[in-house]
Amino acid sequence: MTKYDILKRYFGYDCFRPGQEAVIDMILQGRDVMAVMPTGAGKSVCYQVPALLLSGITLVISPLISLMKDQVQALNQAGIHAAYINSSLSETQIAKALQLAAGGQYKIIYVAPERLETAGFLRFAMHAEISMLTVDEAHCISQWGQDFRPSYLKIVSFINQLETRPIISAFTATATKKVKEDIVCVLGLQKPGVFVTGFDRQNLYFGVEATRKKDAYILDYVQAHRDASGIIYCATRKNVDMLYELLQLHGISVTRYHAGLTNEMRQQNQEDFIYDVCLVMVATNAFGMGIDKSNVRYVLHYNMPQSLENYYQEAGRAGRDAEPSECILLYSAQDVIINRYLIEHKDIKEDGIDTADGQSQAAHMRDEERLQMMHNYCLTTDCLRQYLLRYFGETQLTDCGNCSNCQQEYEAVDVTAAAVKIIACIRQMHQRYGIHVVAGTLAGANRAKLREYHVSEYEAYASLSEMPEAEIVQIITHLQVEQILQATPDRYALLKLGPKAGAVLDGSYPVIYKRRYAAKPDADSINHQAKKSSRSKLDSLDSQGIILFEKLRELRAQIAREEKMPPYIIFADKSLVDMCSKTPLAKEQMLQVNGVGEYKYQKYGERFLMVIREFVNK
Ligand code: ADP
Ligand code: ZN
């Protein structure tokens, strides 16, 4: 069988996604690889397809117990023999699994890194033919990353104990230079093929909404998307509980997740969400690690997260099935204050790594910088996707047309003259004040606080009095985004001149600012538009198609209950929609449907065909 046969037969896909094929080819040539691909890009296929073509077993090291179970379920569903070995199993179960593994039962075995050192596992590994060792979430091996796991270091000594060195493939979604170096170096990859797949997720719409009426926005949005599954992230447990109650009060099918709930409740709520028993999940960032629910249509952020890394990871849980989905961040200036507080009170002893004082101060500065970049994302009037990609080290030259800034009308205004006055004001004030004092001074405002600072004595006082103060604030913000100004990374946020201030002063750097043109569309039209894009996959169907879709969805739910599997593991929505538009009546036609492979056909094909035939006959 070729890799294409495997992709079609077991996974039901017609073609590889960008990047997948190159990784697979390299592995099949016997080379080590490191692949950096964003969440949802399809990393699993990159090692699962070669695993089936290599002669021996592939071990997959993964830190997440929940993820292992999900993956193994999905593989078994596809007719691939796979198992997992971790602490969720009893000793007897583990012994049994190892016995079957030694007997050659499994092509793919997921293991937790701690397990590698145990005598039982080592005994098995020494006598088995291990063709490949795959390290998932490989960034966990780096002390530079946010999720360092000491147990990942055990992988290296494990490899050294094996008689024949297997191919090593490492996968991660974290792309910073240090982390990449660590993965290659610490894991001891030998002349690895390195692949970095674009971080762009084209099916995701990115939006920032500056609104003080966040509750109303969320409620409207969720009500306008009643049939869709979505996640709403909040910064605090309190907000989670509040929103949860609000949505519940309005009859939304909602559940919640945060560290204040008991283990059982968290487990139950998570399952309710995964199994589509509850469509909406309100959660803190404790939720989501290892969640591979493919039909999440939107991710809303009630609060701004602490970094773009966090934001992109959380938002990236939308649209893993590549269908159009939306990621909208609700922003208010208050969020910056909350986050600064959280950063300052962060427990620095994470994962038992002792952080010396010097180190923790450096870490603190890094956190502040990350927060600043996150904040700028909320303020920029440039294309949001460009901003994100630039942050992750990629350049995209054209505006995307699919973010809230691209869809907003702006007029470009040359504000160089105002910028020069702003810089002059900050200089006269010896860079000792924050944005509101500076803006108030330039506008010539007469507030008690300003009088207290005697700002009217500065030459710059009222030098921009023809402009509304709010607009001065916006221009100053823009100057920060452009690094003409910088705010000190502490809670005072004092304005200082940035690296590009000189160029503005000597006239070599004109400052162009995009001012919102029309008034922002009101919430109704936003919802309308959002609704359109998130329903678009159903839009491709006519009314008959939608009726059939509902019938197929019912059948899928029934099978899901029978087999105790999440519905999307049986068939993705996309597959059901494709069935509705192709209305296959026989096996051959059914195999043309996206996501229907030979094995899944054997299991479910006939039942779905029956429903379709019955529908067509009527
Ligand atoms: P990652 O681990 O990179 O976050 P996954 O491996 O979970 O991503 O894949 C994300 C989704 O994309 C899954 O639903 C998977 O089935 C789907 N997928 C992967 N490869 C393909 C492909 N070649 N064609 C269509 N869908 C794919
Ligand atoms: Zn854009």
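The following dialogue reads a zinc site, two helices and the cysteines of the structure above.

Visitor: What kind of model is this, and how are its residues numbered?

Guide: This is a predicted model, in which local features need pLDDT of at least 70 and side-chain atom pairs count only at pLDDT 80 or more, while totals for chains, interfaces and linings use all residues. Residues are numbered from 1 along each chain as its sequence is written, chains are lettered from A and ligands numbered from 1 in the order in which they are written, and side-chain values use heavy atoms, with hydrogens and water left out.

Visitor: Which residues coordinate the zinc ion (ligand 2)?

Guide: Donors are N, O and S atoms within 2.8 Å of the metal (3.2 Å for Na, K and Ca), and since water is not among the atoms, sites may look incomplete. Here the SG atoms of Cys 383, Cys 400, Cys 403 and Cys 406 coordinate the zinc ion (ligand 2) at 2.3 to 2.4 Å, and the sequence spacing of these donor residues is C-x16-C-x2-C-x2-C.

Visitor: What arrangement do the four donor atoms make?

Guide: Ideal angles at a metal are 109.5 degrees for four tetrahedral donors. Four donors count as tetrahedral if all angles lie between 85 and 135 degrees, and the arrangement around the zinc ion (ligand 2) is tetrahedral because its donor atoms subtend angles of 101 to 120 degrees.

Visitor: Is Cys 403 buried or exposed?

Guide: Buried means under 20% relative accessible area, exposed over 50%, and partly exposed in between (1.4 Å probe, protein chains only). Cys 403, at 0%, is buried, as is Cys 383 at 2%, whereas Cys 406, with 24%, is partly exposed.

Visitor: Where do the buried residues of helix H8 lie?

Guide: Helices (H or I, at least four residues) and strands (E, at least two) are DSSP runs, numbered from the N terminus. In H8 (residues 177–186) the buried residues are Val 179, Asp 182 and Ile 183. They lie on the same side of H8, because they cover an arc (taken from the directions from the helix axis to the C-beta atoms) of only 100 degrees around the axis. Lys 177 and Cys 185 are exposed on the other side, while the buried residues pack against strand S1 (33–36) and strand S6 (167–172).

Visitor: How many disulfides are there?

Guide: A disulfide is a pair of cysteine sulfur atoms within 2.5 Å, and by this rule the count is zero. For Cys 327, the closest cysteine sulfur is that of Cys 400, at 12 Å, which is too far for a bond.

Visitor: Where does helix H27 bend?

Guide: The bend at a residue is the angle between axes fitted to the seven residues ending there and the seven starting there. Helix H27 (residues 598–617) bends by about 60 degrees at Tyr 604, and Tyr 604 is one of the buried residues of H27.

Conventions. Four donors count as tetrahedral if all angles lie between 85 and 135 degrees; four count as square planar and six as octahedral if opposite donors are over 155 degrees apart and all others between 65 and 115; anything else is irregular. Contact means heavy atoms within 4.5 Å.
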